[in-house]
Amino acid sequence: MPRDEKNISDKIDHLFRYEYGKLVSVLTKTFGTSNIELAEDVVQEAMLEALNKWTYSGVPENPVGWIYRVAKFKAVNILNKEKYKRQYASNVVHHLQSEWTLEPALEHIFTDKEIADDQLRMIFTCCHPSISSDSQIALTLKTLCGFSIPEIAKAFLTNEENINKRLVRARKTIKDADIPFLVPVGKELEERLSNVLETIYLLFNEGYNSTSGDSMIRFELCEEAIRLAEIIASNPTIKSSNTYALLALMTFNTSRFNSRIDEFDNLLDLEHQERNKWDNELIKKGLYYLEFAATQDEVSIYHILATISAHHCTALTYESTDWIGILSLYDMLIEIDKSPIILLNRAVVLSKTGSPKKALKQLTKIKDNPAFRSYIPYYTTKAELHFQNNAPKMAIKTLNELLKLPFDEKFKPLINNKLRKYSERN
């Protein structure tokens, strides 16, 4: 591809990533939730038209305005052409079908405030409890984050056909259940927000501990998760301590991104990260979010995990980390969530308080959990605990067991480094 064409293609990709979700949200309000796919088609056609025209005539001075103008024109055109064929639930449709009210109606629905509100409505639509959790994430990534079907399939270790099925199921559920395009209120808001935050956290974790592709971290997934949480937090009608706690947690974890990977693309654990590479501005931002979250009388899993992450981010050295304080936080956490991953992480912290033997005993209690069948952190943690317990042979044996299992090749250097370290003490 010639250089200019590549620049234009990159520009379109950038616009697609940042404007797609906004446009789809506004057009979903216009066409109604039963026509989400139509909204997506209009935006994709506008982007395709931009690629074709800009390749020959160059990028306009206001590319975002250009895309929005084309999308508006296409939407109005469809409304006029299909006025008798399709059912639209939106109140704004009749204003867009009259030449007298068309312009003011377009100006109104495309204001920054309306766009932000529509994105919020879209988040709650995608994460409606009638939709299965795997379909919620796929639909959120597709409609709000502008991810392609191959990208979603890659992110969740499945094939494109499966993602297509999930999206079809999600859209059908929205249509059949006549799910309204709105932000719930009162008790329903509280219940639905919990679902939304869980989806956002799953999205962030997939980026933070990437299970697919060549990268150890999928930065774009983490960025999208934070962006979605910020949309919720910025809405004055939603007073959610949990949202701020989740934002704090994601911001703290993001602050350490630059130090998690070495020059050979190997993943580094907390002990071996260069703390001078941590982003202090993000740490300050995380502390601000955490302080705000603490003003409301509420303690959730997000509050505790964010506080644990704050302990790590504010410790001057690995050795000076307040492990006793972190262990007490994990003890609080397992009262809420006894998931195998939380128990595994608690065992690591327990070993840091001077009890690798006790940590190994804790690990033995959860060793048969199916979640650990080929879970790399379980094996590396177990090996490290044996090593700390002066049993390098057991550490080596544990990693050799791991090497016999199917796992992503990108983790092989990490395992080999540990094997070398244990062999030196064997």
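This short talk covers one pocket and three helix pairs in a predicted model.

Let's start with the pocket. It is the second largest pocket, and about 370 Å³ of space lies in it. How many residues line the second largest pocket? The count is 17. Find Glu190, Leu193, Ser240, Asn242 and Glu298 on your screen, because those are the residues closest to the centre of the pocket. Three elements give two or more residues each to this lining: α10 (186-208), α12 (241-255) and α15 (301-314). Which of them gives the largest share? That is α10, with seven residues. Now the chemistry of the lining. Six residues are nonpolar, seven are polar and four are charged.

Keep α12 in view. Besides lining the second largest pocket, α12 packs against helix α14, residues 280-294. The angle between α12 and α14 is about 160°, and their axes lie 8 Å apart. Angles over 145 degrees count as roughly antiparallel. So α12 and α14 are roughly antiparallel to each other. The crossing of α12 past α14 is left-handed. Who touches whom? On the α12 side, look for Tyr244, Leu247, Ala248 and Phe252, among others. On the α14 side, the contact residues include Leu282, Ile283, Leu287, Leu290 and Phe292. By class, this contact has twelve nonpolar residues, five polar and one charged. The charged one is Lys285 in α14.

Next pair. Helix α17 covers residues 340-352, and helix α18 covers residues 356-366. Their axes come within 7 Å and cross at roughly 165°. How are α17 and α18 oriented to each other? They are roughly antiparallel, and the reason is that angle: the cut-off is over 145 degrees. This crossing, too, is left-handed. In α17, the residues in contact include Pro340, Leu343, Leu344 and Leu350. Their partners in α18 include Pro356, Ala359, Leu363 and Ile366. The α17 and α18 contact holds nine nonpolar, two polar and two charged residues.

Last pair, and a new arrangement. Helix α6 spans residues 112-126, and helix α11 spans residues 219-233. They pack at an angle of about 110°, with axes 10 Å apart. Parallel, antiparallel or perpendicular? Angles of 65 to 115 degrees count as roughly perpendicular. Therefore α6 and α11 are roughly perpendicular to each other. Again, α6 passes α11 in a left-handed crossing. From α6 come Ala116, Gln119, Leu120 and Ile123. They meet Arg227, Leu228, Ile231 and Ile232 in α11. Sorted by class, that is six nonpolar residues, one polar and one charged.

To recap. The second largest pocket draws seven lining residues from α10. The pair α12 and α14 is roughly antiparallel, and so is the pair α17 and α18. The pair α6 and α11 is roughly perpendicular.

Definitions and conventions: Residues numbered from 1 in each chain as written. Predicted model: local features only at pLDDT ≥ 70, side-chain atom pairs only at ≥ 80, totals over all residues. Heavy atoms only, no water. 1 Å grid on protein atoms, 1.4 Å probe; cavity = no way out; pocket = protein on both sides within 12 Å on 5 of 7 lines; lining within 4 Å. Points joined across faces, edges and corners; volume = space filled by probe spheres on them. Helix = DSSP H or I, 4+ residues; strand = E, 2+ residues; numbered from the N terminus. Axes fitted to C-alpha atoms, helices over the stretch in contact; angles between N-to-C directions. Parallel < 35°, antiparallel > 145°, perpendicular 65-115°, else oblique. Left-handed = near helix turned anticlockwise from the far one by under 90°. Contact = heavy atoms within 4.5 Å.
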